[in-house]
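This report describes the fold, the packing and selected side-chain pairs of one protein chain. The sequence and the model are shown first, and the description follows.

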Amino acid sequence: MRKCVPVSRGDLKIDVTGDQSTKTRTSFDDLVNSIVIGFVLVLIILMFFMGVVNAFFVALSVPLSMFVAFMFLPAADLVIGSHVTLNFIVLFALLFGLGIIVDDAIVVIENTHRIFTQSKGKLDAPTSARMAAGEVFVPVLAGTITTLAPFFPLLFWPGIIGKFMVYLPAMLIFTLAASLVVAFIMNPVFAVDFMNHPEDGSVKRKSDMFRKPAFWVAVLVGILLDLAHVTFAGNLLLFLVILNILNTYLFDGLIHAFQNRVLPGSWGTTRACSAGRSKAGGRRGCC
């Protein structure tokens with residue numbers, strides 16, 4: 001506004017009224033905070049059932065699904081018939097879908113880890129990921145379509161209320177479709193890159209993590225980002241470093257105790273992993 005109106009007099013004062021961008025910016029910041037909090041909560045809850053590494057892969061589906069959903073926004077214009085903006089209903093739909101988008105990733109990652117671990121070195125990570133995705137593709141697709149089915153009739157909601165509420169089912173459909181893409185395309189890529197067999201026989205000391213250059217590089221980059229006022233990236237990087245330390249010295253023992261004592265009979269691979277650690281004479285994380 002100030003650029004469009006040339007100010008030639010010193011006594012001319014411009015007041016902007018009805019500015020909705022402030023509310024939209026606040027709502028978008030709330031969405032980003034909810035994505036980060038959802039990532040952390042999913043990671044904390046699932047690590048007791050799946051291990052820290054697998055839980056981290058699943059938790060990544062939260063920001064990745066939101067990113068893919070935003071990429072689908074131009075296609076939403078064709079479905080709704082008007083331009084989709086970041087209004088309250090769109091942001092609420094994205095928040096509403098945060099708790100659902102991790103379901104597909106849990107099934108795919110857990111099946112990948114099961115096949116990869118039970119093969120005992122006979123199958124590499126890419127083969128395990130392909131087999132796991134192929135086994136669960138039909139049931140996961142059927143489950144996702146079943147979840148989406150109640151929202152399709154809402155796309156044809158008539159009247160003024162329908163024009164106002166059509167953003168809710170449309171964004172939920174795009175968000176859940178994005179979670180399907182992430183679960184079968186992006187998550188297996190991370191699994192292939194980071195999954196290792198626990199039967200390799202190597203025993204590592206806990207203090208070895210402090211000797212890795214990548215650890216100190218991550219700490220230094222996180223501190224520099226915070227000093228440069230890029231607090232989101234810096235705090236996230238430092239959080240991952242702290243999580244790595246806690247996993248090595250605290251969470252590893254708690255996770256295996258929970259899986260072997262609280263979940264008897266359902267985690268045979270974890271008990272086999274624990275037996276392998278006992279024979280190796282050291283404590284090592286299976287996941």
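Two residues are said to be in contact when heavy atoms of theirs lie within 4.5 Å. On this definition, among contacts between residues at least 6 apart in sequence, 70% join residues at least 24 apart. The model is a predicted one.

**Overall architecture**

The secondary structure comes to 11 helices and 0 strands. Read along the sequence, the pattern is therefore α-α-α-α-α-α-α-α-α-α-α. The protein has 287 residues, of which 38% count as buried.

**Nonpolar cores**

In soluble globular proteins, nonpolar side chains tend to be buried together. Here the largest nonpolar core has 50 residues, and Val58 and Val84 are those with the most contacts inside it. Two or more residues of this core come from each of α1 (21–50), α2 (52–71), α3 (73–80), α4 (88–96), α5, α8 (167–194) and α10 (231–262). Leaving aside residues up to four places away in sequence, Val58 touches Val42, Leu46, Met50, Val102, Ala105, Ile106 and Ile109. Another core, of 7 residues, lies apart from the largest one; Val108, Leu180, Ala183 and Phe184 are among its members.

**Helix α8 and its kink**

Helix α8 has 28 residues. From its first C-alpha to its last it reaches 38 Å, close to the 40 Å expected at 1.5 Å a residue. The helix nevertheless contains a kink of about 40 degrees, centred on Val182.

Is Val182, at the centre of this kink, buried or exposed? Val182 is buried, with a relative accessible area of 0%; the cut-off for a buried residue is under 20%. Not counting residues up to four places away in sequence, Val182 touches Ser61, Leu64, Ser65, Val68, Asn187 and Pro188. Val182 and Ile101 are 81 residues apart in sequence, and their C-alpha atoms are 9.3 Å apart in space.

**Helix α6 and the salt bridge**

A kink is also found in α6: it is of about 50 degrees and lies at Phe137, shortly before the proline Pro139. The buried residues of α6 are Ala125, Ser128, Ala129, Ala132, Ala133, Val136, Val140, Thr144 and Leu148. What covers these buried residues includes α5 and α8.

Side chains of opposite charge can pair when their charged atoms come close. A search of the whole structure finds 1 salt bridge. Which residue forms a salt bridge with Glu135? The partner is Arg114, and the closest N and O atoms are 3.2 Å apart. The pair links distant parts of the chain, with Glu135 in helix α6 (residues 125–148) and Arg114 in helix α5 (residues 102–118), 21 residues apart. Glu135 has a relative accessible area of 44% and is partly exposed. Arg114 is likewise partly exposed, with a relative accessible area of 31%.

**Aromatic pairs**

The count of aromatic pairs comes to 8. Two of them are set out below.

| Pair | Geometry | Centre to centre | Angle between planes |
|---|---|---|---|
| Phe48 and Phe258 | edge-to-face | 5.9 Å | 70 degrees |
| Phe210 and Tyr249 | tilted | 6.3 Å | 35 degrees |

Phe48 lies in helix α1 and Phe258 in helix α10, so this pair ties together parts that are 210 residues apart in sequence. Both residues are at the surface only in part: Phe48 counts as partly exposed at 23% relative accessibility, and Phe258 counts as partly exposed at 22%.

Why does the pair of Phe210 and Tyr249 tie together parts that are 39 residues apart in sequence? Phe210 lies in the loop between α8 and α9 (213–227), whereas Tyr249 lies in helix α10. Phe210 counts as partly exposed at 29% relative accessibility, and Tyr249 is partly exposed with a relative accessible area of 42%. Ring pairs link these two residues with Phe215 and Trp216 into a cluster.

Notes. Residues numbered from 1 in each chain as written. Predicted model: local features only at pLDDT ≥ 70, side-chain atom pairs only at ≥ 80, totals over all residues. Heavy atoms only, no water. Salt bridge = Lys/Arg side-chain N within 4 Å of Asp/Glu carboxyl O. Helix = DSSP H or I, 4+ residues; strand = E, 2+ residues; numbered from the N terminus. Buried < 20%, exposed > 50% of the residue type's maximum accessible area, 1.4 Å probe, protein only. Core = buried A, V, L, I, M, F, W, Y, C linked by side-chain atoms within 4.5 Å. Expected span 1.5 Å × (residues − 1). Bend = angle between axes of the 7 residues up to and from the residue. Phe/Tyr/Trp six-rings, centres within 6.5 Å; stacked < 30°, edge-to-face > 60°.
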